[in-house]
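Here's a short set of exercises to help you find your way around. Have a look at the picture, try each task, then read the solution.

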Amino acid sequence: MIYIIKGDTLKYELRYEEIYEMIKNGKKISFVDMRSPKEFNDYKIPGAINLPILNDYEREIVGRTYVKESVDKAKYLGINFAKDKLPSFYEKIIELRKSYDEVILYCSRGGYRSNVFFSFLRSLGIDVKKLIGGYKSYRKYVRENLDSLIREKEFIVLCGKTGVGKTEILNKLKSDYPVLNLEELANHRGSIFGGIGLTQQPSQKYFESLLFDALDNDKKIIFTEGESSKIGNIQLPKTLIEKISSGRKIIIEDEIDSRIKRIKRDYNLSDRDEIYKSLLEIKKFISPEKEKLYLEKFQEGDYDFLIRDLLINYYDPHYKKNYSKDDLHLANNSAVIKNILNFKNSI
């Protein structure tokens, strides 16, 4: 759909590459996702809002009708499901237009669902635009550009044993310096016990979108934390693993009593069901005698013993010293941030 005004071509259907350039040039963009709530919750363009032209049940009915009966009947059902939503959706778009330079609609592939609402709004003279190819085209852009974005960065990597406070340090740095907190993006702390007290992890696709956004800046040197290839269910891109492995490393150290205190503070130890499930997960890596002891201490609520023993006899021996003797070692004390920044400035 292209409109000609005074010899200039105004485009109302845009490729993601064009939208990306608008964002880089400072335009405030609001993405409106017309897919069903389930699709939206699985993955989306970060920051998008959901105005589902069909809810999950309606989408299932329309899809089944499309496959088993006829395209025309499916379209008829879709229109009937959509019509009652249009007034409230219209009001929401009017509100968004007051706050954003552009409002851009999308669905899965830029087809029926976004077209219905887009055509409705355009017929009323409302200035909205549509993403050509829908979410699929956005996903293609991220997939094709993420590796090159990663390669542009150099990482200062905080390493150290479990509980020494690497994430704590990243959080102190992030207000003033570029930080990539992979555990925050993955909503998981990385270990078998790493999901305790947290909500569901994002999908792999959505994690990669969040990662793209976190790296999409003009900062060359970024602080991050050493991670394995997986954080919970999330697989880190191979290029990112390689860049982090080759990054400048700072080894953070702390006393075991401080590590235990930090773990008790950061984990939700009130959720006994999750702790129990995690203990069952770890039993395949420990002896039956150790499993019995851990379960007894769990029943007694002796978390200090559990954490100490797990650190000394399970996590610490598995800690891979994938750094050289020349790497900087820093104690996690009141001077740690100053010392880290001195290291950065010396690069």
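**Exercise 1. Work out how much surface the protein exposes, and what share carbon and sulfur atoms supply.**

Start with the total: this predicted model exposes about 18,800 Å². Next, split it by atom: carbon and sulfur supply 50% of that area. Now turn to the residues tucked away: among the 347 residues of the protein, 43% count as buried, where buried means under 20% relative accessible area.

**Exercise 2. Describe the overall build: the box, the helices and strands, and the contacts.**

First, picture a box along the principal axes; the C-alpha atoms fill roughly 70 × 50 × 30 Å. Then count the pieces inside: 16 helices and 14 strands. Finally, take the contacts with a separation of 6 or more: 72% of them come from residues 24 or more positions apart.

**Exercise 3. Trace how strand β13 pairs with β8 and with β14.**

Step one: locate β13 at residues 248–253 and β8 at residues 154–159. These two run parallel, joined by four bridges. For one pair to look up, L158 has I250 in β13 as its bridge partner.

Step two: go on to β14, residues 328–331. β13 pairs with β14 in the parallel sense too, over four bridges. Here, E253 finds its bridge partner in A331 of β14.

Step three: put it together. β13 pairs with β8 and also with β14.

**Exercise 4. Tally the charged side chains and compare where the two sets are centred.**

Count the positive ones, 61, and then the negative ones, 53. Now find the centre of each set: the two centres lie 3 Å apart.

Note on methods:
Residues numbered from 1 in each chain as written. Predicted model: local features only at pLDDT ≥ 70, side-chain atom pairs only at ≥ 80, totals over all residues. Heavy atoms only, no water. Pairing = 2+ DSSP bridges. Buried < 20%, exposed > 50% of the residue type's maximum accessible area, 1.4 Å probe, protein only. Contact = heavy atoms within 4.5 Å. Areas by Shrake-Rupley, 256 points an atom, 1.4 Å probe, with all protein chains shown as cover. Lys, Arg positive; Asp, Glu negative; His and termini not counted. Charge placed at Lys NZ, Arg CZ, Asp CG, Glu CD.
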